[in-house]
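This report looks at how one protein chain is put together, moving from its interior to its side-chain pairs and its surface. The sequence and the structure come first, and the account follows them.

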Amino acid sequence: ITNCLAGFVQLEFGDDQKTQDAALRLKKKIVRYCLLSWTMCLAAISPPLHDKFSSGEKYIQKGLMRKGEMKALQGDRPACWKDQWWIPITWAICLVNSNHPESQGCKLKEQKDIISNLNKFQSKLHTVSLYQNNPLPLIYGQALILAIYSWIILGIFASQYLDIQHSASVIFFSIPWFQIVKIILIYAWMKVANIVRNPFGLDDNYDINLEEMLDHNIWKASLSIRHLDRPIYTF
């Protein structure tokens, strides 16, 4: 969202209040479309965010979408409209390309920077969507866990000395400490890998809270637009 907001400096304002108001509405609409795409994409990945935005009315109540836009997304397939998360970004790009003072009330100094930021934003969402929708086969993880546990169990017996004298000091130094450390490290790495396998899951202690992140992005976008509308050099 931050990169998309940075491109708004390319907007060229007029001197009259009508043009400035139109430019402000345009910026708000573009940001809203970006946030809508972000929410639709990640709601299909994260169960908590999916429960929060289980219907189109939830998007409308959050202020991310209008009723007419929901009907446009639903089209002839109202059951799978949430899968079309890239459409709002396409709307934003169309708004930028519609460089008509009569319709938008403002001009663009350079459209390519804003469109480039929107395309990068869409590309990053697409990468996250591909990563989550095309995971490694389950057999890979099962085979890895089986190999690790087998190595741990066999290593416990293989690292022991067969000829041990009946002396406390010799027995202490005969314990395979290095093998124990390796087992602890590999087991810890396996647990961490299992945790980070899905960073958008249901674990409150480790997973990313996308609902809080959405609220933070909305706050950050509204604050940035307010400062862009009244930059410091105008005071």
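A nonpolar core is here a set of buried Ala, Val, Leu, Ile, Met, Phe, Trp, Tyr and Cys residues joined through side-chain atoms within 4.5 Å. The model discussed is a predicted one, and in it the largest such core has 42 residues, with Ile30, Tyr59, Leu118 and Phe121 having the most contacts inside it. Two or more residues each are given to this core by helix H1 (2-6), helix H2 (17-43), helix H4 (56-62), helix H5 (67-74), helix H6 (87-97), helix H8 (111-133) and helix H12 (210-229). The largest share, 13 residues, comes from H2. As general background, nonpolar side chains tend to be buried together in soluble globular proteins.

**Overall organisation**

The protein holds 12 helices and 2 strands, and along the sequence these elements follow the pattern α-β-α-α-α-α-α-α-β-α-α-α-α-α. Of the 235 residues in the protein, 33% are buried. When contacts between residues at least 6 apart in sequence are considered, 69% of them join residues at least 24 apart. The protein exposes about 15500 Å², of which carbon and sulfur atoms supply 59%.

**Contacts in the interior**

Two residues illustrate the interior. Leaving aside residues up to four places away in sequence, Leu118 touches Cys4, Ile30, Cys34, Ile89, Ala92, Ile93 and Val96; of these partners, Ile30 is also named among the core residues with the most contacts. Ser37, which is found in helix H2, has a relative accessibility of 0% and therefore counts as buried, the limit being under 20%. With residues up to four places away again left out, Ser37 touches Trp85, Trp86, Pro88, Ile89 and Leu125, and Ile89 is thus a partner of Ser37 as well as of Leu118.

**Aromatic pairs**

A search of the whole structure finds 4 aromatic pairs. The ring centres of Tyr33 and Trp91 lie 5.4 Å apart and the planes stand at 65°, so this pair is classed as edge-to-face. The pair links distant parts of the chain, since Tyr33 belongs to helix H2 and Trp91 to helix H6, 58 residues apart. Tyr33 is buried, with a relative accessible area of 7%, whereas Trp91 is partly exposed at 21%. Another edge-to-face pair is formed by Trp85 and Trp86, with 6.0 Å from centre to centre and 85° between the planes. Here too the partners fall into two classes of accessibility, because Trp85 counts as buried at 8% and Trp86 counts as partly exposed at 37%. Both of these tryptophans are also contacts of Ser37. In addition, ring pairs link Phe53, Tyr59 and Trp81 into a cluster, and Tyr59 is one of the core residues with the most contacts.

**Salt bridges**

The count of salt bridges comes to 3; they are listed below with the distance between nitrogen and oxygen.

| Basic residue | Acidic residue | N to O distance |
|---|---|---|
| Arg32 | Glu69 | 2.8 Å |
| Lys52 | Glu211 | 3.5 Å |
| Lys62 | Asp215 | 2.6 Å |

In the salt bridge between Glu69 and Arg32, distant parts of the chain are linked, with Glu69 in helix H5 and Arg32 in helix H2, 37 residues apart. Glu69 counts as buried at 12% relative accessibility, and Arg32 is likewise buried at 10%. The salt bridge of Lys52 and Glu211 ties together parts 159 residues apart in sequence, because Lys52 lies in helix H3 (residues 47-52) and Glu211 in helix H12. Lys52 is partly exposed at 37%, and Glu211 counts as partly exposed at 33%. For Lys62 and Asp215, the parts tied together are 153 residues apart, since Lys62 lies in helix H4 and Asp215 in helix H12. Lys62 is partly exposed, with a relative accessible area of 32%, and Asp215 counts as partly exposed at 34%.

**A nonpolar patch on the surface**

Which residues form a nonpolar patch on the surface? They are Ile175, Trp177, Ile180 and Ile184, which together have about 360 Å² of accessible area. Ile175 has its place in the loop between helix H10 (168-174) and helix H11 (177-196), and its relative accessibility of 32% makes it count as partly exposed.

How values were computed. Residues numbered from 1 in each chain as written. Predicted model: local features only at pLDDT ≥ 70, side-chain atom pairs only at ≥ 80, totals over all residues. Heavy atoms only, no water. Buried < 20%, exposed > 50% of the residue type's maximum accessible area, 1.4 Å probe, protein only. Helix = DSSP H or I, 4+ residues; strand = E, 2+ residues; numbered from the N terminus. Contact = heavy atoms within 4.5 Å. Patch = residues over 30% accessible without salt bridge, like charges linked within 9 Å, V, L, I, M, F, W, Y side chains within 5 Å. Areas by Shrake-Rupley, 256 points an atom, 1.4 Å probe, with all protein chains shown as cover. Salt bridge = Lys/Arg side-chain N within 4 Å of Asp/Glu carboxyl O. Phe/Tyr/Trp six-rings, centres within 6.5 Å; stacked < 30°, edge-to-face > 60°.
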